[in-house]
Amino acid sequence: MHTLSVVLPFHNAEPTLARALVSVLKDADEGAEIIAIDDRSTDGSAAIAAAVDDPRQRVISSAVPGVVGAGNTGIAPASGALIAP
């Protein structure tokens, strides 16, 4: 079990996603997990998230559109004692 799960939904966030993920990973301790949820992006966002090389992060595609659906997609597999949506 992780100490913290950070759920980060994104949609067409190509200009800012890499910086956001690096920032979250920098601030998260080794016991945290980051779950990046692709909310049907049509730009290069999914590839940017997948290119982040950190074992604490995983990328999941949401089948449910919208920030709430994507957030719920990320919360379901989260294993942290605390979940930060």
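This report walks through the fold, the cores and a few individual residues of one protein chain.

Before the tour, a word on the ground rules: this is a predicted model, where local features need pLDDT of at least 70, side-chain atom pairs count only at pLDDT 80 or more, and totals for chains, interfaces and linings use all residues. Residues are numbered from 1 along each chain as its sequence is written, and side-chain values use heavy atoms, with hydrogens and water left out.

**The overall layout**

Start with the big picture: the protein chain has three helices and four strands. Here helices (H or I, at least four residues) and strands (E, at least two) are DSSP runs, numbered from the N terminus. Reading from the N terminus, the order of elements is β-α-β-α-β-α-β.

How does the radius of gyration of the protein chain fit a compact globule of 85 residues? It agrees, because such a globule would come out near 12 Å and the protein chain has 12 Å. That radius is taken over C-alpha atoms, and the globule rule is 2.2 Å times the number of residues to the power 0.38. Along the principal axes, the C-alpha atoms fill a box of roughly 30 × 25 × 15 Å.

Contacts (heavy atoms within 4.5 Å) often reach far along the chain. Of those between residues at least 6 apart in sequence, 76% join residues at least 24 apart.

On the outside, the protein chain exposes about 4700 Å², with carbon and sulfur atoms supplying 61% of it; accessible areas come from the Shrake-Rupley method with a 1.4 Å probe, and for residues only the protein chains shown count as cover. As for charge, there are 5 positive and 10 negative ones, and their mean positions are 2 Å apart. Lys and Arg count as positive and Asp and Glu as negative, while His and the chain ends are not counted. Each charge is placed at NZ of Lys, CZ of Arg, CG of Asp or CD of Glu.

**What sits inside**

Buried residues make up 36% of the 85 in the protein chain. Buried means under 20% relative accessible area, exposed means over 50%, and partly exposed is in between (1.4 Å probe, protein chains only).

In soluble globular proteins, nonpolar side chains tend to be buried together. A nonpolar core here is a set of buried Ala, Val, Leu, Ile, Met, Phe, Trp, Tyr and Cys residues joined through side-chain atoms within 4.5 Å. The largest one has eleven residues, including Val 6, Phe 10, Leu 17, Leu 21, Leu 25, Ile 34 and Ala 49. Strand E1 (2–10), helix H1 (17–27) and strand E2 (32–38) each supply at least two residues of this core. There is also a second, separate core of six residues, among them Ile 35, Ile 37, Ala 70 and Ala 78.

Leu 25, a member of the largest core, is in contact with Ile 34, Val 52, Asp 54, Arg 56 and Gln 57, leaving aside its neighbours within four places in sequence.

Helix H3 (residues 67–75) has its own buried set: Gly 69, Ala 70, Gly 71 and Gly 74. The cover over these buried residues includes E1 and E2.

**Strand residues with some exposure**

The table lists three residues that count as partly exposed.

| Residue | Strand | Relative accessible area |
|---|---|---|
| Thr 3 | E1 | 43% |
| Leu 8 | E1 | 22% |
| Ile 83 | E4 (residues 80–84) | 38% |

Which residues does Thr 3 touch, not counting those up to four places away in sequence? They are Asp 29, Gly 31, Ala 32, Gly 80, Ala 81 and Leu 82. Thr 3 and Gly 31 are 28 residues apart in sequence, yet their C-alpha atoms are 5.3 Å apart.

With the same neighbours left out, Leu 8 touches Leu 21, Ile 35, Ala 36 and Ile 37. Ile 83, again not counting residues up to four places away, touches Ser 5, Val 7, Ile 75 and Ala 78.

**Two unusual backbone angles**

Most residues other than glycine have a negative phi. Asn 12, in the loop between E1 and H1, has a positive phi near 45°. Arg 40 is not a glycine either, and its phi is positive at about 55°; Arg 40 is found in the loop between E2 and helix H2 (45–51). Asn 12 counts as partly exposed because its relative accessibility is 31%, and Arg 40 counts as partly exposed at 45%.
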